[in-house]
Amino acid sequence: MNIAGLVGLALAHFIVGLTAAQGGCSNVVTRRDIMTLSPQEWSQMTSVLQRMQNDGWFTYFADIHNR
């Protein structure tokens with residue numbers, strides 16, 4: 001998987017955590033457009049990605065998918 005795929009995966013995971021279902025089923029989630037993130041949300045996103053990089057998560061994830 002390339003870096004764009006990993007960033008997309010991380011972003012999807014982040015947005016799922018930020019987005020609440022609006023009525024109806026409690027497990028319905030709407031994916032947010034990256035362009036609609038507030039400065040605070042964008043800061044959180046970059047912080048999460050930087051921590052994942054620093055902790056070696058991307059290297060680990062790539063390794064287990066290239067075996």
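Which pattern does the chain follow when read along the sequence? Read in that direction, the chain follows the pattern α-α-α, with three helices and zero strands, where helices (H or I, at least four residues) and strands (E, at least two) are DSSP runs numbered from the N terminus. This is a predicted model, in which local features need pLDDT of at least 70 and side-chain atom pairs count only at pLDDT 80 or more, while totals for chains, interfaces and linings use all residues. Residues are numbered from 1 along each chain as its sequence is written, and side-chain values use heavy atoms, with hydrogens and water left out.

Confidence comes before the details. The pLDDT, which is the predictor's confidence in each residue on a scale from 0 to 100, has a mean of 78 over the chain, and 70% of the residues reach 70 or more. Among the elements of the chain, helix 2 has the highest mean pLDDT, 91, whereas helix 1 (residues 3-18) has the lowest, 68.

Helix 2 therefore offers a natural place to begin, given that its mean pLDDT is the highest among the elements. The helix has 16 residues and reaches 22 Å from its first C-alpha to its last, close to the 22 Å expected at 1.5 Å a residue, the expected span being 1.5 Å times one less than the number of residues. Its buried residues are Glu41, Met45, Leu49 and Met52, where buried means under 20% relative accessible area, exposed over 50%, and partly exposed in between (1.4 Å probe, protein chains only). Seen down the axis of helix 2, these buried residues fall within an arc of 70°, so they line one face of the helix; the arc is that of the directions from the helix axis to the C-beta atoms. The face turned away from this buried side carries the exposed residues Pro39, Gln40, Arg51 and Asn54. Beyond the helix comes Gly56, whose phi is positive, near 80°.

What does the buried side of helix 2 contribute to the nonpolar core? The largest nonpolar core is made up of seven residues, Ala10, Leu11, Leu37, Met45, Leu49, Met52 and Phe58, and the largest share of this core, three residues, comes from helix 2. Helix 1 and helix 2 each supply at least two of the core residues. A nonpolar core is here a set of buried Ala, Val, Leu, Ile, Met, Phe, Trp, Tyr and Cys residues joined through side-chain atoms within 4.5 Å. In soluble globular proteins, nonpolar side chains tend to be buried together. Leu49, which lies in helix 2, is buried with a relative accessible area of 18%, and its C-alpha atom is separated by 7.2 Å from that of Ala10, although the two residues are 39 apart along the chain. Over the whole chain of 67 residues, 19% count as buried.

The charged side chains add a further layer to this picture. The structure holds three salt bridges, a salt bridge being a side-chain nitrogen of Lys or Arg within 4 Å of a carboxyl oxygen of Asp or Glu. Side chains of opposite charge can pair when their charged atoms come close. One of these bridges involves Glu41, a residue of helix 2 (residues 39-54), whose side chain meets that of Arg32 at 3.0 Å, N to O. Glu41 counts as buried at 16% relative accessibility, while its partner Arg32 is partly exposed, with a relative accessible area of 24%.

The surroundings of the other bridges can be described in the same terms. The side chains of Asp55 and Arg51 meet in a salt bridge of 3.4 Å, N to O, and here Asp55 counts as exposed at 55% relative accessibility, as does Arg51 at 59%. Asp63 and Arg67 form a salt bridge through their side chains at 2.9 Å, N to O; Asp63 is partly exposed, with a relative accessible area of 39%, whereas Arg67 is exposed, with a relative accessible area of 73%.
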